[in-house]
Amino acid sequence: MNCVGKAGAWAALVFVLSGSCWASAQPSAPAPAPPANSTSQGDNEGDSVVVSELTVNAPLLGPALWKVARGDSEVFILGGATPLPHTQTWDAGRLDRALAQSSVLLVPPSGRIPALQAAGFALRALAVRQPLGQSLEPSLPPALRDRFVAERTSLGLGPKAYAGWKPAAAGFLLLGDFRRKAGFSNEKPASAVVHMADARHVRVKRIVDYHLGALFTSLARLTKDQQYACLTDELDAIDFERAHAREAAQAWAHGDLAGVRAGASGPILDRCAALLSSYGSVLERGTADFTAAIEDSLKRPGKAVAVIDLRYLLRANGVLDRLKADGATITVPKE
């Protein structure tokens, strides 16, 4: 596996890592203060004040959807979840009606990266490659090696597949390969919503850049024991997704936020992410980018639709909390 060929996988790493938190992680950079009516309990639990105020009951109305309004502007935000099965279906009625009234769809960047940008990622990825002449699997402790080899073998891959990567990086690539073989996508639901927008001739605008450089640096700085700990967490996440990801996807399709949270592998990946010095800043950067894109849309009259991962919406001082703190009105559309 060459670095350029894995650029899409490294792009997905940003959302695996920076979006992995559901409750525990807090941004390391200064952020806007939460709304004045926030409670200490909600802050301590790391939950969005807005989400706790709004009950999302949508067993027949599809995934969780919020309407953010200011003046003559409205943005409908669909909460995404990762991963979702390629075959996942849901009631898209509310979302389609929102698109029918909208002039633009805001979505995260695609996993497909231009060759020139991929080449830059390849250079940065050299930091998480094995030293010259060394290979991954012989360097692993026996029990961890056996577990890694068993998972790699179950995917039909040989020992050369991840040989050149350090343990933590190999684990993230293994997680991506597991998802692909299991029929999961890192790009849904955004890719499906883009098709809906294209059918209605709604302009699609990509928001948020990939912030990989700092993550590569953090991964490279992990000690040997931390590398092993991350690989263990990644294998745990694979086991958890194998058991719970489809159930979580069904919960997402019915607006069941508690069910999505219960079936998410994010808390497992948080253990590794917490070891990365750049984790908080990347999480903060993504939250700020999503918020800025919505704020920009609210400056102009009319309607728009955005797809933002639930993990950026549900966290304390996340996108929804920041929008409300800046004066936007947030509701749950019923139709």
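In this predicted model, helix α14 (residues 279-298) lies across β1, β2, β4, β6 and β7, and runs at about 155° to β2. An angle over 145 degrees counts as roughly antiparallel, so α14 and β2 are roughly antiparallel to each other. Another helix, α4 (residues 93-100), lies across β1, β2, β4 and β7, this time running at about 135° to β7. The buried residues of α4 are Gly93, Arg94, Leu95, Ala98 and Leu99. As for what they touch, these buried residues pack against β1, β2, β4 (104-107), α9 (190-199) and β7.

The strands under these helices belong to a sheet. It is an open one, made of 6 strands in the order β6-β4-β7-β2-β1-β8, with mixed pairing. At its edges sit β6 (203-206) and β8 (329-331), each of which pairs on one side only. Going from one strand to the next, the twist averages 20°.

Strand β2 (residues 73-80) is a good place to look at the sheet in detail. Of its 8 residues, 8 are buried, so the rest of the structure largely encloses β2. In a regular strand, side chains alternate between the two faces of the sheet. That pattern can be followed along β2: Ser73, Val75, Ile77 and Gly79 point one way, while Glu74, Phe76, Leu78 and Gly80 point the other way, and all of them are buried.

On one side, β2 is joined to strand β1 (residues 65-70) by 6 bridges, and the two strands run antiparallel. Within this pairing, Val68 has Val75 of β2 as its bridge partner. The two strands make a hairpin with 2 residues between them, and here Gly71 takes a positive phi near 60°. Strand β7 (residues 302-309) also pairs with β2, but in the parallel sense, over 8 bridges. Here Gly80 stands opposite Asp309 in β7. Further along the sheet, β1 pairs with β8 in the antiparallel sense over 3 bridges. Val68 turns up again in this pairing, standing opposite Ile330 in β8.

Now for the cysteines. A search of the whole structure turns up 1 disulfide. It is formed by Cys230 and Cys272, whose sulfur atoms are 2.0 Å apart. The torsion about their S-S bond is about 90°, so this disulfide is right-handed. Cys230 lies in helix α11 (residues 224-253) and Cys272 in helix α13 (residues 266-273), so the pair ties together parts that are 42 residues apart in sequence. Both Cys230 and Cys272 are buried.

How do the two helices that carry these cysteines sit relative to each other? The axes of α11 and α13 come within 8 Å and cross at roughly 170°. The helices are therefore roughly antiparallel to each other. On the α11 side of the contact are Cys230, Asp233, Glu234, Asp236, Ala237 and Phe240, which meet Ile268, Leu269, Arg271 and Cys272 in α13. Sorted by type, the contact residues divide into 6 nonpolar, no polar and 4 charged. The charged ones include Asp233 and Glu234 from α11 and Arg271 from α13. Both disulfide partners, Cys230 and Cys272, are part of this contact too.

Note on methods:
Residues are numbered from 1 along each chain as its sequence is written. This is a predicted model: local features need pLDDT of at least 70, side-chain atom pairs count only at pLDDT 80 or more; totals for chains, interfaces and linings use all residues. Side-chain values use heavy atoms; hydrogens and water are left out. Buried means under 20% relative accessible area, exposed over 50%, partly exposed in between (1.4 Å probe, protein chains only). Helices (H or I, at least four residues) and strands (E, at least two) are DSSP runs, numbered from the N terminus. Two strands pair if DSSP finds at least two bridges between them. A disulfide is a pair of cysteine sulfur atoms within 2.5 Å. Contact means heavy atoms within 4.5 Å. Axes are lines fitted to C-alpha atoms, for helices over the stretch in contact, and angles run from 0 to 180 degrees between N-to-C directions. Angles under 35 degrees count as roughly parallel, over 145 as roughly antiparallel, 65 to 115 as roughly perpendicular and the rest as oblique.
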